[in-house]
Amino acid sequence: MTTSFGSATSTVIPNDPKIRMQSFTGLKSLHSIALARNHRVFTLPFSAPSVIRAVSTPVKPETSTTEPKRSKVEIFKEQSNFIRYPLNEEILTDTPNINEAATQLIKFHGSYQQYNRDERGTRSYSFMLRTKNPGGKVPNQLYLTMDDLADQFGIGTLRLTTRQTFQLHGVLKKNLKTVMSTIIKNMGSTLGACGDLNRNVLAPAAPLMTKECLFAQETADNIAALLTPQSGFYYDVWVDGERIMTSEPPEVVKARNDNSHKTNFPDSPEPIYGAQFLPRKFKIAVTVPTDNSVDILTNDIGVVVVSDDNGEPRGFNIYVGGGMGRTHRMEATFPRLGEPLGYVPKEDILYAIKAIVATQRDHGRRDDRRYSRMKYLISSWGIEKFKTVVEQYYGKKFEPFRELPEWEFKSYLGWHEQGDGSLFCGLHVDNGRVGGKMKKTLREVIEKYNLNVRITPNQNIILCDIRSAWRRPITTVLAQAGLLHPKFVDPLNLTAMACPAFPLCPLAITEAERGIPDILKRVRSVFEKVGLKYNDSVVIRITGCPNGCARPYMAELGLVGDGPNSYQIWLGGTPNQTISKKFYGQSQSSGS
Ligand code: HEM
Ligand code: SF4
């Protein structure tokens, strides 16, 4: 049986980017997010049943007799037998690298091929592996495994990323299978951490035992499970077909298999993605009111738990269309904030997410990857048309967005009560780079006390499940390794972030992680010169290119690499990351 959703056309929209895209005027901001100061202000009683109206079935993208133009990656996906070929053959050859098609496919397995850009002459290839940890949750066993792997097969450091995952750099091709299978067998996964599918789902990292926080975590887990690839390519390539999957809640399986509104490819091994997967990467974050630690508006979908007056979660507000990436000198590309789509009752969230994903899958552009993110579809259609199409896949109308309180930046650094008798301790890690003495000490503490950890969206780490009696010895050991209480760290460093950039990122135009210590020192000395106080801090984020992996367009001061030792300056973001910012100018670094 065939289905009407297999085609990767985008004929609904004209192909000329100039016609399709709004011209670039800085980050697209919202005009309609209603934010109130009070914590819970609702417009509808929760007992009201969700409004179900007759909604027509999805509009089939127009077909034409001429083949639509498709990007090269679309062809690689099509010919790959669900992301296997030629990667399965390429990883077995003696060469240190893999071919072009396999380089694209390995992203779906959670890895990027890289080479050391500091070295001249022959390229020394290696692979970066990224894990998937919904809500940043890392079980004790996985932490210890990653720590070992970094020493045995990586460059001796681990990186905590802005999407609450680990990155392990420098793995050689001949070791890939060992490293991948070790991660899989130790409660980890890298499946879908990169590539054209749903990436790691963010959620507040704090292990708070409140109903809302637990519900946000559970929702992040369920969304991640819903959108995990099903065709087995990952396990075929890395563990010879052994399926090591944890059991899924029945509601996730039910939602995935439901095809009442033509969201699925019923006979495909990938019921939601089909053979072509999504046009581009797809990012989802879940959070609770006020907690914007996840940079909710930078995601393709932002989901916010909405509770009743007794703190009982009832449903979700949904934002759509956020995204950071842009291309220098291409005005039709832009960073964009998510905008409100509507509210859904809690039992409908997986169906609403699936409907949004199916809309992007069938209508997102596949001809030019620079315009393939969902933000461009929404910008070109407008939110009302987008909502109407999503509702056809959802089978219901969205309810009005609920009013919620102002967002806050939450770092969760320092010591806090979890709410179950245990403590957690958030530690600042400069740019998420765990190495040297810090790495050794963290490992010792995590191993000795059998702690689980969480990675925050600000590249920091939280040690969880600590008994009060352990607080003093742990504080002492951590301080000896330079992991200090936040009050002893320069406030500029506490909120600053940089992407990895040189030497391994193939897209870097200039330094970010290696350049930021010097840049922060220079900002601090300028502050002193103009009489700003030590605590008058600003959020600074630096990336080595306009892709914006460390979300620079949301910071108060964003530096975006645009040439050797040269950065664009973006100003006007807010400390809680809700406001647009504008391109301000260009700055040459002194070349340190
Ligand atoms: C065309 C767009 C993009 C491309 C091709 C791209 C590619 C890459 C590559 C190659 C790396 C690995 C760098 C390394 O560790 O050596 C990376 C890192 C990363 N990217 Fe992107 N990226 C893009 C946009 C984005 C955006 C818009 C975000 C989110 C706002 C993002 C989030 C991340 C994260 C979280 C990391 C890990 C590094 C960190 O901690 O900052 N990427 N990206
Ligand atoms: S922002 Fe650019 S340089 Fe930095 S990690 Fe992302 S792709 Fe690489």
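This short talk walks through two ligand sites, one helix and one strand residue in the structure above, which is a predicted model.

Let me begin with ligand 1 and its iron atom. Which residue of the protein gives the iron atom its single donor? It is Cys549, through its SG atom, at a distance of 2.2 Å. If you look for Cys549 along the chain, you will find it in a loop, with strand 18 (540–543) on one side and strand 19 (557–563) on the other.

Around ligand 1 as a whole there are 26 residues, and the closest of them are Arg159, Thr162, Gln167, His169 and Cys549. Some of the surroundings can be described atom by atom: Gln167 places a polar side-chain atom 2.5 Å from an oxygen atom of ligand 1, Gln114 has a polar side-chain atom 3.0 Å from an oxygen atom of the ligand, and for Thr162 a polar backbone atom is 3.3 Å from an oxygen atom of the ligand. The elements that contribute two or more residues to this shell are strand 2 (111–115), strand 3 (125–130), strand 5 (158–160) and strand 6 (166–171). Sorted by class, the shell holds ten nonpolar, nine polar and seven charged residues. Why can we say that ligand 1 lies between domain 1 and domain 2? Because domain 1 (17–65 + 201–405) and domain 2 (493–588) both give residues to its shell.

Now please turn to ligand 2, where Cys549 appears again among the surrounding residues, together with others including Cys499, Cys505 and Cys545. The shell of ligand 2 consists of eight nonpolar residues and four polar ones, with no charged residue.

Next comes helix 6, which spans residues 176–185 and whose buried residues are Leu176, Val179, Met180, Ser181, Ile183 and Ile184. These buried residues pack against helix 4 (100–108), helix 5 (140–153) and helix 8 (233–238), and also against strand 2, strand 3 and strand 6. After the helix comes Met187, which has a positive phi, near 70°.

Finally, consider Glu417, which belongs to strand 12 (residues 414–417). Is Glu417 buried or exposed? With a relative accessible area of 55%, Glu417 is exposed. Apart from neighbours within four places in sequence, Glu417 is in contact with Leu208, Ser422, Leu423 and Phe424. Its C-alpha atom is also separated by 9.4 Å from that of Ser468, although the two residues are 51 residues apart along the chain.

Notes:
Residues numbered from 1 in each chain as written. Chains lettered and ligands numbered in written order. Predicted model: local features only at pLDDT ≥ 70, side-chain atom pairs only at ≥ 80, totals over all residues. Heavy atoms only, no water. Donors = N, O, S within 2.8 Å, 3.2 Å for Na, K, Ca; no water. Helix = DSSP H or I, 4+ residues; strand = E, 2+ residues; numbered from the N terminus. Near = heavy atom within 4 Å. Polar contact = N/O pair within 3.5 Å; in protein donor to acceptor, adjacent residues only side chain to side chain. Nonpolar A, V, L, I, M, F, W, Y, C, P; charged D, E, K, R; others polar. Domains from an automatic or database assignment. Buried < 20%, exposed > 50% of the residue type's maximum accessible area, 1.4 Å probe, protein only. Contact = heavy atoms within 4.5 Å.
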